[in-house]
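Welcome, and please open the model in your viewer. We will go from stop to stop, selecting one piece at a time and looking at what is there.

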Amino acid sequence: MAKKKKKEKNYQSAGVGQEWFDKEYTAREVYGRLWGFARRSKRLIFLGAFLGMLTGGLWAPLFTVIQPMMQEMQGAAFSTPEAIEEVEPLKEGLHSLDVKDGTSVADTNVVAEVNPSQDVKAEAEESTTKDSKLEGVRNALRHVGVESEATVLSVLAIVMVLAVVVKMTTQYFNHYYLTKAGMLVVMDVRNAMFEHLQAQSLSFHGRSDVGKLMSRATGDPETIRTLISQTMSDICRAPFEILVAIAFVCYHAIINDMVSLLLIALLGYPACMLPVVWIGKKIRKWSERLLQQGASIGSNFHENLTCIRIVKAYHTEKEEIERYSEYNLRAYKMCMRAVRLSTLVGPLTETIAILLALSFVAFCFMTGHGLDAIVPLIPPFLIMYKPMKQLGRLQAALENGRAALQRIFSLLDVHEELAEKENAYALKTFEKEIAFKHVDFCYTPGGKQIIKDANFSIKRGQMYAVVGSTGSGKTTLANLLARFYDASNGSIEIDGRDVRDYKIEDIRSIVGAVTQEAILFNATIASNIAYGTPNATQEEIETAAKLANAHEFISAHPEGYQRIAGEKGFVLSGGERQRVAIARAILRNPPILILDEATSALDTVTEQQVQAAINNLMKNRTIFAIAHRLSTIKMADCILVMDQGEIVERGTHDELYAKGGVYRKLCDIQNHQE
């Protein structure tokens, strides 16, 4: 049994793990910080909250008119000819009932003491009951007629209708304003999370799962809307509805001599809250796990669609479906755990509330109170049912919200963005040289060194190339130049100043890049070429495409430059995607251009065409090229040969080939393969 239980526990927790940056926060911390986002909408929130309180308070006039209406209706019934005819014998016998054998009804108790027989006691009790009934008759006879009573009933009915109309209006605007505020806060949180993610370094994105980040940044904020529009509405309205109902019960009990009944109300309300406190903490635990599993599902879904070519190529659709189904099964089991707990709160609260209400009514009848005293108490108890049920769910909603907010603020509190100095220098152009001065780099402090003592300089207008085996550090060197990362030791200088002293946006404006993987957006080809150059004209776009030898295949399609490239350029071939990416870099026209194996996906003819275009662009530009195909860099001013993060050789193609070292071996291997 224990073995089976352990297996089930492992199965449930499999695939659910916190991200490396997750933290624990108290409820006060997360909801205090949430208010920071809600301040922009504070007027809507306060107005919605006030209207919610007003909605709850408007039950008071509805409760208070019930007993007068019943009394008026009873009075109207007694005022009809039939009722008067029935009452007349009672009126005529009033004096005979007041005095019996010369002894008043009030004196019957004295007689009972002198002659304490069972008959006298019964007669005394009957006389007292009759006296109470006659008092009701006297009150009924005080009314002046049917027409006046109908007028009073009409006024009371109008008051009730007006109260209901006002209540419905305030309730509508309560929901409207809080829902609007909730949506605005969700929008601000999502914007803040997206902006925060854009600011993080490539090191952060390299350590984080894209699918889980998507789930956290788009799905979790939706919980905030529920918190503000629904939970806050319940918080503002439900307690007031309960307080108004309890206050009316207290008031009605006092004026109708039912004070002993208040004890039930005072003991009953806390009793309804006991199951909420008991279950609340368990709900939060399973809510956190469910959110994490939901992120895993999103991650798996994103990964599958991103790698769909490989899935199709290896015919692993069935395995992927089984894996996705397994993720969903885990989420289902966790969801049902949370549902069982949260659903249990409502029935427990309702059962206790119903039992207390029935006990209250039964106690009223047992103490001999009439319908006109009991009936006005029924609506408050019925009205209290729904808000007490809402308050029962409130703890579960707050714990769910806390779990989601913890995930949101954990992401917002991770700071791996590149630091920019407060008074950073502006960099408008590149004039002299780029210098790597004894640069070391590792991705994590104390981790493996990826770059070791890189030391070289590139003059303006030169072309430097970096070659080496896979994993030697070529791309990392280019990323350091573009300041995607900061050097662990040493410095990288542009025109004699450390890149860390410049504004990051200025560095990116003078450094363009064509990456090893040609990334295109799901937009038109023209938009992809103009990305980063929003003011480019159609003529400039076409000129850049011609220089990249892309204009011909673009124009050959009926839609031309307005053709949608598809997800990551799915509709284009590898060579076509690469040429569009090169056209994008050409259009931006940066003084420093990084070509990270930019021609690796091109065929030999196209490669020569693109290389010719790059050669034309080299005038007054600095090229930093990374290539596996050594034939594309023979004209470089200097070639850096890297091995395990170190620059082991440097020089021109002819110098390095004549040297007979690592570079010559690479050339010979490629020549043999070709």
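Before the first stop, a rule for reading sheets: two strands count as paired if DSSP finds at least two bridges between them. Helices (H or I, at least four residues) and strands (E, at least two) are DSSP runs, numbered from the N terminus.

This is a predicted model, in which local features need pLDDT of at least 70 and side-chain atom pairs count only at pLDDT 80 or more, while totals for chains, interfaces and linings use all residues. Residues are numbered from 1 along each chain as its sequence is written, and side-chain values use heavy atoms, with hydrogens and water left out.

**The whole chain**

Start with everything shown. The protein has 27 helices and twelve strands. Of its 674 residues, 44% are buried, where buried means under 20% relative accessible area, exposed means over 50%, and partly exposed lies in between (1.4 Å probe, protein chains only). Contact, a word we will use often, means heavy atoms within 4.5 Å. Among contacts between residues at least 6 apart in sequence, 79% join residues at least 24 apart.

Now colour by pLDDT, the predictor's confidence in each residue, from 0 to 100. The mean pLDDT is 74, and 66% of the residues reach 70 or more. Select residues 1-16: their pLDDT stays under 50, and the model gives them 17 contacts beyond four places in sequence. Next select residues 94-148, where pLDDT is also below 50. Where pLDDT is low, the predicted coordinates should not be read in detail.

**Two helices**

Select Ala-163, which sits in helix 10 (residues 146-199). Is Ala-163 buried or exposed? Ala-163 counts as buried because its relative accessible area is 8%. Now add Pro-61: the two C-alpha atoms are separated by 6.9 Å, although the residues are 102 apart along the chain.

Move on to helix 13, residues 222-255. With 34 residues at 1.5 Å a residue, helix 13 should span 50 Å, and its end C-alpha atoms are 49 Å apart, which agrees; the expected span is 1.5 Å times one less than the number of residues. Zoom in on Thr-231, where helix 13 bends by about 30°. That bend is the angle between axes fitted to the seven residues ending there and the seven starting there. After helix 13 comes Asp-257, with a positive phi near 55°.

**The four-stranded sheet**

Show strands 4, 3, 6 and 7. In that order, these four strands form an open sheet with antiparallel pairing. Its edges are strand 4 (451-459) and strand 7 (497-498), each pairing on one side only. Five bridges link strand 3 and strand 6 in the antiparallel sense, and Ala-435 stands opposite Glu-493 in strand 6.

Stay on strand 3 (residues 433-441) and pick His-438. The phi of His-438 is near 50°, a positive value in a residue other than glycine. With 47% relative accessibility, His-438 counts as partly exposed.

**The six-stranded sheet**

Next, show the open sheet whose six strands follow the order 8-9-10-5-11-12, with mixed pairing. Strand 8 (511-514) and strand 12 (646-651) are the edge strands, each pairing on one side only. Strand 8 and strand 9 (residues 592-596) pair in the parallel sense over four bridges. Click on Val-514 to find its bridge partner in strand 9, Leu-595.

At the other edge, strand 11 and strand 12 run antiparallel and are joined by five bridges. Which residue in strand 12 does Asp-643 stand opposite? Asp-643 faces Glu-646 there. Strand 11 and strand 12 form a hairpin with two residues between them, and Gln-644 in the turn has a positive phi of about 55°.

Now pick Thr-622, in strand 10. Thr-622 is buried, with a relative accessible area of 1%. Beyond its neighbours within four places in sequence, Thr-622 has contacts that include Phe-430, Ile-434, Gly-461, Pro-591 and Leu-593.

**A last loop**

Finish with Arg-483, in the loop between helix 19 and strand 6 (489-494). Arg-483 has a positive phi of about 55° although it is not a glycine. With a relative accessible area of 1%, Arg-483 is buried.
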